[in-house]
Amino acid sequence: MQRIHLASDHAGFDLKATLAQHLTGLGYEVIDDGAYSKDSCDYPVFAHKLCEAVERENCPGILICGTGIGMSLAANRHPGIRAALCTTELHARFGRRHNNANVLCLGARVTGVELALAIVGTFLENQFEGGRHQRRLDLLKVPV
């Protein structure tokens, strides 16, 4: 059973619950890293918690906020995270194949449930192609 981490802020709470139920039904072990209610909260807290788990466990994660922008900004602060804000299945496909994205970011206020389910499915069924794409990812590393 593959493990997947999910986290959201208050704006993404309902979509997170829907995705968790869907993924559990598909046989995933879903770990909920918060938020645990619709009370107003700070998205970076939950982004950081999920990203630390994804880096430690080498498993995928999904972050959800109102637009997905805040979560993607917070997630990409982590050196082992390649978070992709996806609004279409094409974004998810190439985010995985070409950019080796390990965290999917979604906007609950801008992405309907059916589209979100399709994006998640595409994200999880695609794998990194490597090759020239790895060379490009290596160029993203900040020189020390």
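In this predicted model, the charged end of Arg96 is perched over the ring of Phe123, 4.7 Å from the ring's centre. Aromatic rings do not team up with each other here, though: a search of the whole structure turns up 0 aromatic pairs.

Phe123 is one of the buried residues of helix 5, and it shares that status with Ala116, Leu117, Ile119, Val120, Thr122 and Leu124. A bit of general helix geometry is handy at this point. An α-helix has 3.6 residues a turn, so residues three or four places apart point the same way. What lies over the buried residues of helix 5? The cover includes strand 1 (3-8), helix 1, strand 3, helix 4 and strand 5. The length of helix 5 checks out too: its 13 residues, 113-125, should span 18 Å at 1.5 Å a residue, and because the end C-alpha atoms are 18 Å apart, the two values agree.

Next come the annotated positions. The unreviewed UniProt entry carries an "active site" annotation that covers Cys65 and His98. These residues are spread over 34 residues of sequence, and they are spread out in space as well, with up to 24.3 Å between C-alpha atoms.

Their surroundings can be taken one at a time. Cys65 belongs to strand 3, which runs over residues 61-65. Is Cys65 buried or exposed? Its relative accessible area is 4%, which is under the 20% cut-off, so Cys65 counts as buried. Setting aside neighbours within four places in sequence, Cys65 is in contact with Asp9, Ala11 and Gly12, with Gly70 and Met71, and with the run Leu106, Gly107, Ala108 and Arg109.

His98, on the other hand, sits in the loop between helix 4 (89-97) and strand 5 (103-107). With a relative accessible area of 22%, His98 falls between the 20% and 50% cut-offs and is therefore partly exposed. Once residues up to four places away in sequence are left out, His98 touches Phe128, Glu129 and His133.

Lys16 makes a good last stop. This residue is found in helix 1 (residues 13-25). Lys16 has a relative accessible area of 2%, so it is buried. What does the side chain of Lys16 pair up with? A polar contact of 2.8 Å links it to the side chain of Asp32. Asp32 also shows up in the wider list of Lys16 contacts, which leaves aside neighbours within four places in sequence and has Leu6, Ala7, Ser8, Gly34, Ala35 and Ile64 as its other members.

Definitions and conventions: Residues numbered from 1 in each chain as written. Predicted model: local features only at pLDDT ≥ 70, side-chain atom pairs only at ≥ 80, totals over all residues. Heavy atoms only, no water. Phe/Tyr/Trp six-rings, centres within 6.5 Å; stacked < 30°, edge-to-face > 60°. Lys NZ or Arg CZ within 6 Å of the ring centre and 35° of its normal. UniProt positions renumbered as here; feature names shortened; annotations may be inferred. Helix = DSSP H or I, 4+ residues; strand = E, 2+ residues; numbered from the N terminus. Buried < 20%, exposed > 50% of the residue type's maximum accessible area, 1.4 Å probe, protein only. Contact = heavy atoms within 4.5 Å. Polar contact = N/O pair within 3.5 Å; in protein donor to acceptor, adjacent residues only side chain to side chain. Expected span 1.5 Å × (residues − 1).
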